[in-house]
Amino acid sequence: MSADKKLAAAKAAIEYLPQAGVIGLGSGSTAKLFIDLVGDLVRSGRKLTGVATSQDSRDQAEALGIPLLSDSGPWQVDVCVDGADEVSRELDVIKGGGGCQTREKIINFASRFNIIIVDDSKLSEKLGMKWPVPVEVLSFAHATTRAHLERLGSVKLRLRNGAPWMTDAGNFIYDVSLGVIADPAATDQRLRALPGVVETGLFIQRANVVLVAAAEGIRKLTPSAP
């Protein structure tokens, strides 16, 4: 996503925020721009409090003077704004390119309204066409968990600086390439049923609106009525 598109998507999400309330602060480069804008609102007098989906987002919010709730919860989040790696036609989502999908999913489920901000390159007919599914696993016996995951698809341990990528919770991430995912909900359940799996990057029917930045402007996508 270009810098201009990222900023346009972040600005579009700002329009959904309450005058006062609790905001879920996503993670990643687009969410970072959104958090900057929330900081501007707080400095202007808006009574907004954040819940951070990652330590990086918490550090950024603290530096901007955004009041934050404890990581412990429980929270009643009015609106959560976050990015995504891939969005299907049904508005199911793959997240976790930044390694924060477990915390992002916890806060997503604590939110009354969830906004996903992306550019049009992130749209797919079906999940799995562009991105593998990030799966957070316990470091204990992670090679055993990998063997179970390999029965489902091609598996790669995510590295950073030559060492296993460690999440904020101290776990590993395996990127699981499954090809086109015909049934994301069933796939999510199958992955999460494996011992050692903490959480997946599949967010199924968890977006109330997807704001898509494109050359012609912002498109607003909402779930189809059943």
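**Entry 1: β1 and its partners**

I began with the pairing of β1 and β2, which is parallel and runs over six bridges. The model I am reading is a predicted one. For a single pair in this ladder I looked up G21, whose bridge partner in β2 is L48. I then followed the chain from β1 through α2 to β2 and recorded this β-α-β crossover as right-handed.

Next I turned to the pairing of β1 with β3, the strand of residues 79-82. This pairing is also in the parallel sense, with three bridges. Here I noted G24, which stands opposite C80 of β3.

Is β1 enclosed or open? I found five of its six residues buried, so I entered β1 as largely enclosed by the rest of the structure.

**Entry 2: the sheet as a whole**

I asked in what order the strands of the open sheet follow one another. Six strands form the sheet, and I wrote down the order β2-β1-β3-β6-β14-β15, with mixed pairing. At the edges I placed β2 and β15 (217-221); each has a single partner strand, so one side of each is left without a neighbour in the sheet. I also recorded the turn between neighbouring strands of this sheet, which is 25° on average with direction ignored.

At the β15 edge I examined the pairing with β14, residues 209-214. These two strands run antiparallel and are joined by five bridges. Within β14 I looked up V210 and found it opposite L221 of β15.

**Entry 3: N114 in β6**

I then located N114 in β6, the strand of residues 114-119. Its relative accessible area is 2%, so I classed N114 as buried. Which residues does N114 touch, if those up to four places away in sequence are not counted? My list holds C80, N108, R206, A207, N208 and V209. C80 thus appears twice in these notes, as a contact of N114 and as the residue opposite G24.

**Entry 4: the cysteines C80 and C100**

I checked for disulfides and counted zero. For C80 the reason is distance: the closest cysteine sulfur, that of C100, is 12 Å away, which is too far for a bond. The cut-off I applied is a sulfur pair within 2.5 Å. I made the check from C100 as well; C100 is in no disulfide, and its nearest cysteine sulfur is that of C80.

Are these two cysteines buried or exposed? C80 is buried, with a relative accessible area of 3%. C100 is buried too, at 14%.

**Entry 5: helix α3**

Last I took helix α3, residues 55-64, and listed its buried residues as S57, R58, Q60 and A61. Viewed down the axis of α3, these fall within an arc of 165°, so I recorded them as lining one face of the helix. As background, I noted that an α-helix has 3.6 residues a turn, so residues three or four places apart point the same way.

Against which elements do the buried residues of α3 pack? I found β1 (20-25), α2 (29-43) and β2 (47-52). The same β1, α2 and β2 make up the right-handed crossover of the first entry.

On the face of α3 turned away from its buried side I noted D56 and A63, which are exposed. Just after the helix I stopped at G65, where phi is positive at about 80°.

Terms used
Residues are numbered from 1 along each chain as its sequence is written. This is a predicted model: local features need pLDDT of at least 70, side-chain atom pairs count only at pLDDT 80 or more; totals for chains, interfaces and linings use all residues. Side-chain values use heavy atoms; hydrogens and water are left out. Buried means under 20% relative accessible area, exposed over 50%, partly exposed in between (1.4 Å probe, protein chains only). Helices (H or I, at least four residues) and strands (E, at least two) are DSSP runs, numbered from the N terminus. The arc is that of the directions from the helix axis to the C-beta atoms. Contact means heavy atoms within 4.5 Å. Two strands pair if DSSP finds at least two bridges between them. Axes are lines fitted to C-alpha atoms, for helices over the stretch in contact, and angles run from 0 to 180 degrees between N-to-C directions. A crossover is right-handed if, with the strands pointing away from the viewer, the path from the first strand over the helix to the second runs clockwise.
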